[in-house]
Amino acid sequence: MFDPLIGKKIGQYEIRSLLGQGGMAVVYRAYQAGLDREVAVKIVSKLLTQDKFFLDRFNREVALVARLDHLNIVPVYDHGTTDDGLTYLAMRYIRGGSLADRMQRGQLSLTQIKNWLAQIAHALGYAHEQNVIHRDIKPSNILIDNQGDTYLVDFGLARMIDVGDENSTAAARTITRPSTFMGTPLYMSPEQIEQRTLDARSDLYSLGVVLYEMVTGSPPFAHESAFRVMQMHLSEKPLLPRKLRANVSPGVEQVLLKALEKKPENRFQTADELLKAFTDAVENRNTMLLTGEIFAGDQLPTPRQRRLPFLIGGIALILLLLVVGAFLLRAANPPPISDNGAVYISSAPRPAMGTAADVKLNGTDIERADKVFSGSFIGMVACRLGSDYHASYAAAVRTRAQELGINVKVEDSNNENFKQPQLINSFVAQGAKGIVLCPLNADSIGDALINANKAGVIVVENSDVTPPGGVALTIGNADMGKAAGDYAATLVNKEMGGKAFVAVLGYPDRADITERANAMENALKAGAPGVTIVGHWTGGTTEFGEASMQKAFADHPEINVILSINDAGSYGAVKVLQALSREPAKVMIFSVDAETEAKNMIRNGQYFRGSVDTSPVTVGRLAVDAIVKMIAGGKVPEKIALPLRVVTKDNVDQ
């Protein structure tokens, strides 16, 4: 397959061949002529490096790994970004492949495993002493050279254990925020899946998974569905190793099972402790057995044990008769609603469109929800909690759920597309019954939404598109845009004589938001044909809005009307207008969301003249009610239409 980078130079490195490719980066073998050596060059996906937070994490990786000086950790030589935007990391090239490659070729001897574990554990223990956790220990991140020595690679997912250091910057604390969800499901620790605070013991769990696979030839938990694997890590016991490899001793088995304990305090506490226990077990110095476990060949069955199969058989026959009787009774008296465990989801066809009245809860709904949500929760994936609208949205979800006695977990995707499927899968793995979603990109979350639907999790999102098996709370983007554009046309005609120079702040990464921006523009031009659209820029966040409008006013100082797809982007425009000392009465902003600050500016005549109210409180409460109504067996429409109004100076206090 043709690769355009092969033969090209990245920095001082000539790319020669492809070594491997993952979701986050591509790794090449390259040649550094100045030092006459081969290196491995990792090129990070442009999709990720366009995200400021991810790029900050990558740059932080370099400083982090550069300070790790250990024989069994792959050293980093260099990093940079090319003129055409390729971000790369150059490191030592290890010939020989990875542990994953080696395990595919056949079973490893326990002696070989012990020797490799010693190198890996020493490297990992050293990193932990430096307050660094790896966060992605797996066979493909353990390289083996031609001499048979192992090396840990790819600390790109590592982060400082002590992120609360008073000397750390606000940016660093943001980069390492707990909501960042990274890793490989087959090797994730339970606390990593649940996004709890991690320490070195999370790496030790992942190393335990790798060790189990080295010994048995299979990981302890495997399934074609990533979220199912995560559920297994959280709640299921691994298959006993001796059932996969007959010659596994009780001592080795005990070490593997302890390494995979769900609770960190029950595992080995250091890499050296794990190494010593495994070494002793392999060398037959570990004679302790797991409490209550009888291992094959340890002793002959007692008379009581010989009677056990007959007792079990009798109990099984009784249970079978009870099940058959229950089935016949159920067939004679079928319930009006299909019962999927404790969930009363109706199988009846659902209406395509409805209103808030269709999710109004009654006593039966609340009673059933109380049973369903016992020990479970509703998860919320917010777009960006830093904005007033989305913070209000999340608060409304939490408040309404608490009124109903339902637990809520809220995670912030912070406008990062790649985080949303991870957060959705995490909630599913943790056993959420419902998810409230503020979607950023339909393509990136598609598979995660399908997985959630298969797992019986109800997803409600504020969108024009209904998630699989879920509900869309929608004010059509075209309707929102038209409402803002119509009002803008009214004021332009009234106060500017129908003439204006208009800047449009959109968000081109999302087709639905682009539809909103286009509707605003088209409605304004239809109502005030004399306006001039001077250009389109990226908004959506205060930072984007500010940067875009700095450029817009530099190129077009005549701008006197701004159409913005949301209030957050408009705030950035206000910053620029204030810096330019533009009179508030001479520039008008029309927006969407009607956040508290936007309403204050409308009230005080500070640039904002109108903002479409999508009522985050209403949306949040309806989202919770829709989940509860569906779980209780109600025929909830696939889409719920939300109310719509434009907040102006005349009605801002109504």
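Among contacts between residues at least 6 apart in sequence, 69% join residues at least 24 apart in the chain. The model is a predicted one, and its chain holds 21 helices and 23 strands. Of the 654 residues, 53% count as buried.

In soluble globular proteins, nonpolar side chains tend to be buried together. The largest nonpolar core in this model comprises 63 residues, and the members that touch the most others are Leu99 and Phe278. Helix H4, spanning residues 110–129, supplies the largest share of this core, with 11 residues. Another core, of 62 residues, lies apart from it and includes Ala382, Ala401, Ala483 and Val561. Once neighbours within four places in sequence are set aside, the contacts of Phe278 are Leu110, Ile113, Lys114, Leu117, Leu211, Val215, Val252 and Val255.

Two of these partners, Val252 and Val255, are among the buried residues of helix H9. Helix H9 (residues 250–259) is largely enclosed by the rest of the structure, because 8 of its 10 residues are buried. The buried set consists of Gly251, Val252, Glu253, Gln254, Val255, Leu256, Leu257 and Ala259. The cover over these residues includes helix H7 (200–216) and helix H10 (271–282).

The second largest pocket has a volume of about 610 Å³. Its lining is made up of 37 residues, of which His390, Arg510, Ile513, Arg516 and Asp593 are the closest to the pocket centre. Two or more lining residues come from each of helix H13 (388–403), strand E16 (471–474), helix H16 (477–496), helix H17 (511–527), helix H18 (542–555) and helix H19 (567–579). By residue class, the lining divides into 15 nonpolar, 13 polar and 9 charged residues.

Helix H17, one of the elements that contribute to this lining, has 17 residues and reaches 24 Å from its first C-alpha to its last, close to the 24 Å expected at 1.5 Å a residue. Its buried residues are Asp512, Ile513, Arg516, Ala517, Ala519, Met520, Glu521, Ala523 and Leu524. Ile513 and Arg516 thus appear in the buried set of H17 and also among the residues closest to the centre of the second largest pocket. The packing partners of the buried H17 residues are H16, strand E17 (501–506), strand E18 (532–538), strand E19 (561–564) and strand E20 (588–592).

Two individual positions were examined further. Lysine 629 is located in helix H21, which covers residues 616–631. With a relative accessible area of 13%, lysine 629 is buried, because that value is under 20%. Residues up to four places away in sequence being disregarded, lysine 629 touches Asp358, Val359, Lys360, Leu361, Asn362, Asp365, Gly634 and Val636.

Glycine 431 occupies the loop between helix H14 (419–429) and strand E14 (434–437). Its relative accessible area of 29% makes glycine 431 partly exposed. Apart from neighbours within four places in sequence, glycine 431 is in contact with Ser376 and Phe377. The C-alpha atoms of glycine 431 and glycine 375 are separated by 9.1 Å, although the two residues are 56 apart along the chain.

How values were computed:
Residues numbered from 1 in each chain as written. Predicted model: local features only at pLDDT ≥ 70, side-chain atom pairs only at ≥ 80, totals over all residues. Heavy atoms only, no water. Core = buried A, V, L, I, M, F, W, Y, C linked by side-chain atoms within 4.5 Å. Buried < 20%, exposed > 50% of the residue type's maximum accessible area, 1.4 Å probe, protein only. Helix = DSSP H or I, 4+ residues; strand = E, 2+ residues; numbered from the N terminus. Contact = heavy atoms within 4.5 Å. 1 Å grid on protein atoms, 1.4 Å probe; cavity = no way out; pocket = protein on both sides within 12 Å on 5 of 7 lines; lining within 4 Å. Points joined across faces, edges and corners; volume = space filled by probe spheres on them. Nonpolar A, V, L, I, M, F, W, Y, C, P; charged D, E, K, R; others polar. Expected span 1.5 Å × (residues − 1).
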